Amino acid sequence: WDAILGQYGPDVDYLQRALRQTLSRYNVDKNRIWLGGFSDGASYSLSLGISYGDVFRKIYAGAPGVMQPIEVNGKPPIFISHGRSDPTMPIDDTSRLFVPRLKRLGYDVTYREYDGRHTLPPEILREVIIWMTK
């Protein structure tokens with residue numbers, strides 16, 4: 001939750017070191033470095049992905065609760081999915097606000113609402129995987 005406080009902390013430092021180490025050891029297609037998560041992981045992926053949009057080429061956020069980037073770099077495509085009956089991260093207070101805001105800011109956003117609660121249905125996950133690999 002360090003991003004909510006206006007700066008990233010040890011988790012991002014760790015991720016940066018891991019990414020640098022991976023890139024130094026392996027031939028990685030930098031156009032296929034993606035970031036995604038569900039629930040709190042979606043909030044972090046969305047916030048971190050926008051902040052480091054020049055590194056992460058695509059962002060997936062399933063049922064995000066927060067969108068709090070520290071800065072904006074690049075404009076990676078974003079896929080957001082959310083259950084209409086989600087009691088944990090209520091859709092009206094989250095994704096239904098985030099998606100129009102991102103679109104107004106010029107992001108290419110794919111958005112899927114589905115019948116369900118705080119879950120990731122297999123058919124949505126399949127769609128995300130196909131979207132990521134295109």
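Here, a residue is called buried when its relative accessible area is under 20%. Keep that in mind for the close-ups below, which come from a predicted model.

**View 1. An aromatic pair joins strand β3 to helix α4.**
Start with Phe-79, which is buried because its relative accessible area is 0%, under the 20% cut-off. Its partner Trp-131 is buried too, at 14%. How many aromatic pairs are there? The count is two. In one of them, the ring centres of Phe-79 and Trp-131 are 5.5 Å apart and the planes meet at 65 degrees, so this pair is edge-to-face. Phe-79 belongs to β3 (residues 78–83) and Trp-131 to α4 (residues 122–133), so the contact ties together parts that sit 52 residues apart in sequence. Add Tyr-60, and you have one aromatic cluster made of Tyr-60, Phe-79 and Trp-131.

**View 2. Two lysines lie over aromatic rings.**
Back at Trp-131, look for Lys-58: this lysine lies over the face of the ring, 4.9 Å from its centre. Which ring does Lys-75 sit over? That one is Tyr-107, with the charged end of Lys-75 placed 4.8 Å from the ring centre.

**View 3. Helix α3 has a buried side and an exposed face.**
Helix α3 runs over residues 95–104, and its buried residues are Ser-95, Phe-98, Val-99 and Leu-102. They span an arc of only 95 degrees around the axis, which puts them on the same side of α3. Some background helps: an α-helix has 3.6 residues a turn, so residues three or four places apart point the same way. What covers this buried set? The cover includes α2 (40–51), β3 and β4 (109–114). On the face turned away from the buried side, you'll find the exposed residues Leu-97 and Arg-104. Just after α3 comes Gly-106, with a positive phi of about 95 degrees.

**View 4. Two loop residues other than glycine have a positive phi.**
Most residues other than glycine have a negative phi. Ser-39 goes the other way, with a positive phi near 65 degrees. Where is Ser-39? Look in the loop between β1 (34–38) and α2. Is Ser-39 buried or exposed? At 14% relative accessibility, Ser-39 counts as buried.

Ala-63 is not a glycine either, yet its phi is positive, at about 55 degrees. You'll spot Ala-63 in the loop between β2 (58–62) and β3. Ala-63 is also buried, with a relative accessible area of 0%.

Terms used: Residues are numbered from 1 along each chain as its sequence is written. This is a predicted model: local features need pLDDT of at least 70, side-chain atom pairs count only at pLDDT 80 or more; totals for chains, interfaces and linings use all residues. Side-chain values use heavy atoms; hydrogens and water are left out. Rings of Phe, Tyr and Trp (its six-membered ring) pair if their centres lie within 6.5 Å; planes under 30 degrees apart count as stacked, over 60 as edge-to-face and the rest as tilted. Helices (H or I, at least four residues) and strands (E, at least two) are DSSP runs, numbered from the N terminus. Buried means under 20% relative accessible area, exposed over 50%, partly exposed in between (1.4 Å probe, protein chains only). A charge sits over a ring if NZ of Lys or CZ of Arg is within 6 Å of the ring centre and within 35 degrees of the ring normal. The arc is that of the directions from the helix axis to the C-beta atoms. Contact means heavy atoms within 4.5 Å.
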